[in-house]
Amino acid sequence: MRILLLSHSFNSLTQRLWVELRGRGHTVSLELDIADAVTEEAVALFRPDVVLAPFLKRRIPESVWSRHLCLVVHPGIVGDRGPAALDRAILRDEAAWGLTVLQAIADFDAGPVWASVGFPMRGATKSSLYRGEVTQAALAAVLQALARLPADAPAPAPQAGQWWPALPQAERAIDWATMPTAEVLRRIRCGDGHPGTADRLFEAPCHLFDAHDGAAAATRVPGGTPGELIARRGPALLRRTVDGAVWIGHVRLAALDAEGLPSLKLPATLAFAEAASTLPELPTPLDRADAADWDELHYREAGTAGARVGLLAFDFHNGAMSTRQCERLRDALRFAKARDTQVLVLLGGEDFFSNGIHLNLIEAAAQRPGDSAADESMRNIQAMDDLVLELLTTTDRLTVAALRGNAGAGGVFLALAADAVWAHEGVVLNPHYKNMGNLYGSEYWSYVLPRRVGAERARQITQGRQPLSAPQAQALGLVDEVLARDARGFEAALLQQALALAAHNARPARVAAKAARRAADEAERPLQAYRDAELAQMHRNFYGFDPSYHVARYHFVRKLPHAWTPRHLALHREGRTP
Ligand code: COA
C-alpha cells in the first residue's frame with residue numbers, strides 16, 4: 001500500500017508507524033503538517049492509497065479528506081472526542097483507556113471508526129503513556145484498519161460521542177492544602193510533557209513537570225506544612241503534601257527569559273538556583289533497598305555469588321544527560337565496577353535509554369554571563385565521553401545495555417559501548433547525529449559502530465538518518481537480542497537472560513576474549529585517538545564558522561514549528577518512490 005503519514009512532527013508514535021509499516025513492505029512517505037497547500041501538493045505527488053495522521057494539531061483540509069481516505073489516530077476510546085483525551089483520562093484516574101482510528105470528516109474525531117484497541121492505564125506521565133501503551137495500541141489499531149482496506153469495503157459506522165474541549169489550567173490546578181500525593185501526581189502527570197501544570201514555587205509562577213512520589217524522603221524531613229518546599233535532591237525539589245510529599249524535577253518559569261523568549265523547561269534546582277540552595281540536600285544511597293525512594297540513579301544486584309548481576313538504572317528526564325548527570329553516572333559505574341558481579345546491566349530510564357547530551361542546559365548556558373552554549377556543549381560531550389570510556393574499559397566482566405525505551409543520537413552509541421545490546425520490539429533507535437545541524441558526534445561512535453557493523457554500513461546508518469525498530473537494528477547488527485514484545489514483558493525477560501549469562505560456563509572465556517580484543521584494538525589505534533578525532537570535528541561544530549548546530553539546537557529546544565519536511569523522509573518530493 002502507498003501510505004502518506006501526515007503529522008505535526010516526526011514524533012515517537014509517527015516514527016514507530018514509519019518503521020513498522022515500511023518493515024511490512026508498504027511504501028511510506030511523510031509530510032509534516034505545515035500548510036493546507038503543502039498537504040495537497042504532497043497528496044498529488046504521492047498518490048497515496050491512504051493518508052494516515054498519527055499526530056495532528058489542525059484539521060486535514062477538506063480538499064484532501066473528501067477525495068482520499070484519511071485515517072486519524074485518536075488517543076481515546078470510541079466515543080471520546082477532543083484534543084485532551086489522554087490528559088483527561090489521567091485526571092479522571094481511569095483504570096483502562098484506549099485508542100481509536102477514525103476516518104477524517106468535517107467534524108473533529110467524529111468520523112467512522114475503523115479500529116479501536118484498549119489498554120490498562122499505568123501511574124505515569126502523559127508522555128510516558130503516549131510513548132508506551134498508546135504507541136503500542138496505535139500500531140495494532142492501524143494494522144487492523146489497514147487490513148480492512150481496500151477503501152471500497154463497507155464504511156464502518158460513524159461514531160457519535162461527546163466532545164471534550166482542551167483541558168484548561170483551572171482544571172489541572174493543585175490545592176496543596178487539601179490534595180493527597182496521588183491527586184497531586186495525577187494533576188502534574190496529565191500535563192507532562194505539555195503543557196505542564198501551572199503553579200508557583202518560591203512565589204514565582206511556573207509550570208511543573210517530572211513529579212515523583214516523595215513519601216520515603218518525606219519521613220526524613222521533620223515539619224513543613226502542605227505546599228511547603230522542604231528539601232532538594234539532584235534536579236528536584238521536595239514539596240510537602242497532606243499525606244507525604246512529591247519531588248518536582250523540572251519546571252518552566254512563566255517569566256520570559258533573558259532573551260525575552262518563553263523560558264526553557266529546566267531542572268527545578270537550576271531554575272530556582274539561589275532559592276533552592278537554602279533547602280537541605282537529601283541524598284539517598286545508590287544501592288538503597290527502597291527503590292520507591294526516588295532518585296535519578298539506582299543500583300541493585302540479583303543472583304548468587306559467582307553468577308551475580310548488577311543492574312544500574314539512570315532515569316534522566318527525557319533521556320537528556322547533562323554534564324552533572326554524566327559525571328554522576330560515571331561515578332555510579334565506578335561503584336558498580338567495584339562490586340563482585342559477573343554481568344553489569346545498564347538499564348537507562350523507563351521511557352528513554354538515553355538521548356545524548358542535554359540540549360536544554362546547553363541552550364541555557366548561552367544566557368549565563370561568562371558562559372556559552374559552545375563551552376557547555378564541549379563540557380557535556382567530554383563528560384559523556386568519560387562515561388563511555390568507563391564502560392568501554394570494563395574488561396573484567398560482561399556489560400549489557402538493556403533498552404527499556406527509545407534511544408537517540410549519543411544515547412545509542414552509549415549503548416553500543418556495552419558488550420551486548422538488548423531491547424524489546426517497541427524500541428525505536430535513532431543511531432545518528434546529523435539531524436542536529438550536521439553534528440559530527442562523539443561518544444567513541446567511530447570506534448563502537450564500525451566494530452559492530454563494518455565501515456560501509458556505519459556510513460549508511462549515520463548518513464541515512466532513519467529511525468530503526470529494534471528488530472531492524474538487530475538485522476543490521478546494532479542490537480543483539482530482542483527479548484519481548486513490549487516494555488511490560490522486557491524487565492522480567494532481561495533479568496532472566498542476564499542471570500543465565502552470569503551463570504553460563506562460556507562466560508569466563510567470553511570475558512577473556514573481549515579483554516584480548518580490547519587490548520588488540522588499543523594497540524592498533526588507541527581510544528584516545530578516536531576521541532581526539534571526533535572532538536576535533538565537534539570543536540568545529542561548536543566553535544566553527546558554520547552555525548548549523550546552534551541553529552538546529554535552538555529550533556529543537558524552542559520547539560519552533562517546522563518549515564519543511566526533511567527530504568530523507570518526504571520521499572515523494574525526491575522522486576524516490578515508485
Ligand atoms: N536534550 C534535551 N532535551 C531532549 C533531548 C536532548 N538531547 N532529547 C529529547 N529531549 C526532550 C524533547 O525536547 C522533548 O521535551 P518535552 O518533554 O518538553 O516535549 C522530550 O525530550 C521528548 O522528545 P521528543 O523529541 O518529543 O521525543 P521523540 O521520542 O518524539 O523523539 C528523538 C526522540 C531522540 C528523535 C528526539 O528527541 C531528538 O532528536 N533528540 C535530540 C537528540 C540529539 O541530537 N542529541 C544531541 C546529540 S548527542
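Colleague: Where should I start: what do the axes of helix 1 and helix 5 do?

Modeller: Two packed helices are described by the angle between their axes and the distance between the axes. Here the axes of helix 1 (residues 12-23) and helix 5 (residues 126-147) come within 10 Å and cross at roughly 40°. That makes helix 1 oblique to helix 5; angles under 35 degrees count as roughly parallel, over 145 as roughly antiparallel, 65 to 115 as roughly perpendicular and the rest as oblique. Axes are lines fitted to C-alpha atoms, for helices over the stretch in contact, and angles run from 0 to 180 degrees between N-to-C directions. Helices (H or I, at least four residues) and strands (E, at least two) are DSSP runs, numbered from the N terminus.

This is a predicted model: local features need pLDDT of at least 70, side-chain atom pairs count only at pLDDT 80 or more, and totals for chains, interfaces and linings use all residues. Residues are numbered from 1 along each chain as its sequence is written, and side-chain values use heavy atoms, with hydrogens and water left out.

Colleague: Which residues of helix 1 make the contact?

Modeller: Contact means heavy atoms within 4.5 Å. On helix 1 the residues are S12, L13, R16, L17, E20 and L21; those of helix 5 include Y130, L139 and L146. By class, this contact has nine nonpolar, three polar and three charged residues. Ala, Val, Leu, Ile, Met, Phe, Trp, Tyr, Cys and Pro count as nonpolar, Asp, Glu, Lys and Arg as charged, and the others, Gly among them, as polar.

Colleague: Now a strand, please. How many residues of strand 4 are buried?

Modeller: In a regular strand the side chains alternate between the two faces of the sheet. In strand 4 (residues 70-74), five of the five residues are buried, so this strand is largely enclosed by the rest of the structure. Buried means under 20% relative accessible area, exposed over 50%, partly exposed in between (1.4 Å probe, protein chains only). C70, V72 and H74 lie on one side, with L71 and V73 on the other.

Colleague: Which strands pair with strand 4?

Modeller: Two strands pair if DSSP finds at least two bridges between them. Strand 3 (residues 50-55) runs parallel to strand 4, joined by three bridges, and A53 has V72 as its bridge partner. Strand 6 (residues 96-103) pairs with strand 4 in the antiparallel sense over four bridges, with L71 opposite Q103.

Colleague: What is the strand order in the open sheet of six strands?

Modeller: The order is 15-16-17-19-21-24, and the pairing is mixed. Strand 15 and strand 24 (481-482) stand at the edges, each with a single partner strand, so one side of each has no neighbour in the sheet. Helix 18 (residues 487-503) packs on this sheet, and its direction makes about 140° with that of strand 16.

Colleague: Last one: is D293 buried or exposed?

Modeller: D293 is buried, with a relative accessible area of 8%. This residue is found in the loop between helix 10 (273-276) and strand 15 (297-304). Leaving aside neighbours within four places in sequence, D293 is in contact with A216, A217, R220, R233, T284 and R288.
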